[in-house]
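Me: Please take a close look at one part of this model, the way its strands pair into a sheet, and then set that part in the context of the chain. I should like the cut-offs for each term to be stated once.

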Amino acid sequence: TATAGSNGSISPSGSVSVNHGSNQAFTVSANTGYHIDSVVVDGANQGALASYTFTNVTANHTINAYFSINQYSITATAGSNGSISPSGAVSVNHGSNQAFTVSANAGYHIDSVVVNGVDQGALASYTFTNVTANHSINDYFSINQYTITATAGSNGDASTAFTRPGP
């Protein structure tokens with residue numbers, strides 16, 4: 001008797017008649033986005049096999065195939081003076097989306113968000129959609145800079161307005 005769990009198949013499947021002393025091969029296939037997790041033969045886990053052959057069949061047997069969703073890693077890192085959330089190696093199921101939020105520390109601003117080596121600009125958030133591979137996201141921050149404009153009123157100039165008198 002051959003059965004497959006969700007997200008894959010075994011061929012042939014169901015009740016398969018085998019003559020005494022004959023061999024019977026089975027092929028296990030996972031659906032897109034899934035992988036073979038295990039093949040259990042007569043109650044014993046044989047591992048993640050793509051095929052299994054019963055040889056010299058002299059009794060009834062069972063074979064069950066199980067599947068798991070593929071997971072991918074998105075590595076998220078932030079440079080100095082800011083953060084990304086979530087951070088580190090983030091596991092994402094095949095076909096899922098994963099959002100990231102970028103924040104700069106006080107006195108700094110987001111300079112750039114680099115996704116898979118490509119600068120996406122100064123984004124406060126980024127979402128990977130329909131994930132089917134590993135990815136990376138790196139964030140960089142720059143210090144804020146300010147301009148001070150000096151002007152002088154009548155009877156003076158800007159250079160003397162900010163000159164400290166001598167002792």
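Reply: The account below begins with conventions and the chain as a whole, then turns to the sheet, and ends with the aromatic contacts and backbone details.

The model is predicted, so local features are admitted only at pLDDT of at least 70 and side-chain atom pairs only at pLDDT 80 or more, whereas totals for chains, interfaces and linings use all residues. Residues are numbered from 1 along each chain as its sequence is written, and side-chain values use heavy atoms, with hydrogens and water left out.

The protein chain contains 1 helix and 15 strands, these being DSSP runs numbered from the N terminus (helices of type H or I with at least four residues, strands of type E with at least two). With a radius of gyration of 32 Å, well over the 15 Å from the globule rule for 167 residues, the protein chain is more spread out than a compact globule. That radius is taken over C-alpha atoms, and the rule is 2.2 Å times the number of residues to the power 0.38. Along the principal axes, the C-alpha atoms fill a box of roughly 115 × 25 × 20 Å. Of the 167 residues, 23% count as buried (under 20% relative accessible area; exposed is over 50% and partly exposed lies in between, with a 1.4 Å probe and protein chains only).

The sheet requested is open and has 4 strands, in the order E1-E7-E4-E5, with mixed pairing. Two strands are taken to pair if DSSP finds at least two bridges between them. The edges are formed by strand E1 (2-4) and strand E5 (44-45), each of which pairs on one side only.

Starting from the E1 edge, E1 runs parallel to strand E7 (residues 63-69), and 3 bridges connect the two. In this pairing Ala4 stands opposite Ala65 of E7. The next step across the sheet joins E7 to E4 in the antiparallel sense, through 7 bridges. One point of reference here is His35, whose bridge partner in E7 is Ser68. Strand E4 covers residues 34-41, and its pairing with E5 is antiparallel over 2 bridges. In that last step Val40 has Asn45 of E5 as its bridge partner.

The loop between E4 and E5 includes Asp42. The phi of Asp42 is near 50°, a positive value in a residue other than glycine. Asp42 is also partly exposed, with a relative accessible area of 42%. As background, most residues other than glycine have a negative phi, and most peptide bonds are trans.

A second positive phi, about 45°, belongs to Asn130, which is likewise not a glycine. Asn130 is located in the loop between E14 and strand E15 (135-143).

Two cis peptide bonds may be noted alongside these phi values. In the bond from Ser11 to Pro12, omega is near -5° and the geometry is cis; Pro12 sits in the loop between strand E2 (8-11) and strand E3 (24-30). The bond from Ser85 to Pro86 is cis too, with omega near -5°, and Pro86 belongs to the loop between strand E9 (82-85) and strand E10 (88-93).

The aromatic side chains give a further view of how parts of the chain meet. The count of aromatic pairs is 4, where rings of Phe, Tyr and Trp (its six-membered ring) pair if their centres lie within 6.5 Å, and planes under 30 degrees apart count as stacked, over 60 as edge-to-face and the rest as tilted. Phe100 and Phe128 make an edge-to-face pair, 5.8 Å centre to centre with 85° between the planes. Phe100 is in strand E11 (residues 98-104) and Phe128 in strand E14 (residues 125-128), so this pair ties together parts that are 28 residues apart in sequence. Both Phe100 and Phe128 are buried.

Phe128 also pairs edge-to-face with Tyr126, at 5.0 Å centre to centre and 75° between the planes. Tyr126 is partly exposed, its relative accessible area being 22%, whereas Phe128 has 4% relative accessibility and counts as buried. Elsewhere, Phe26, Tyr52 and Phe54 form one aromatic cluster.
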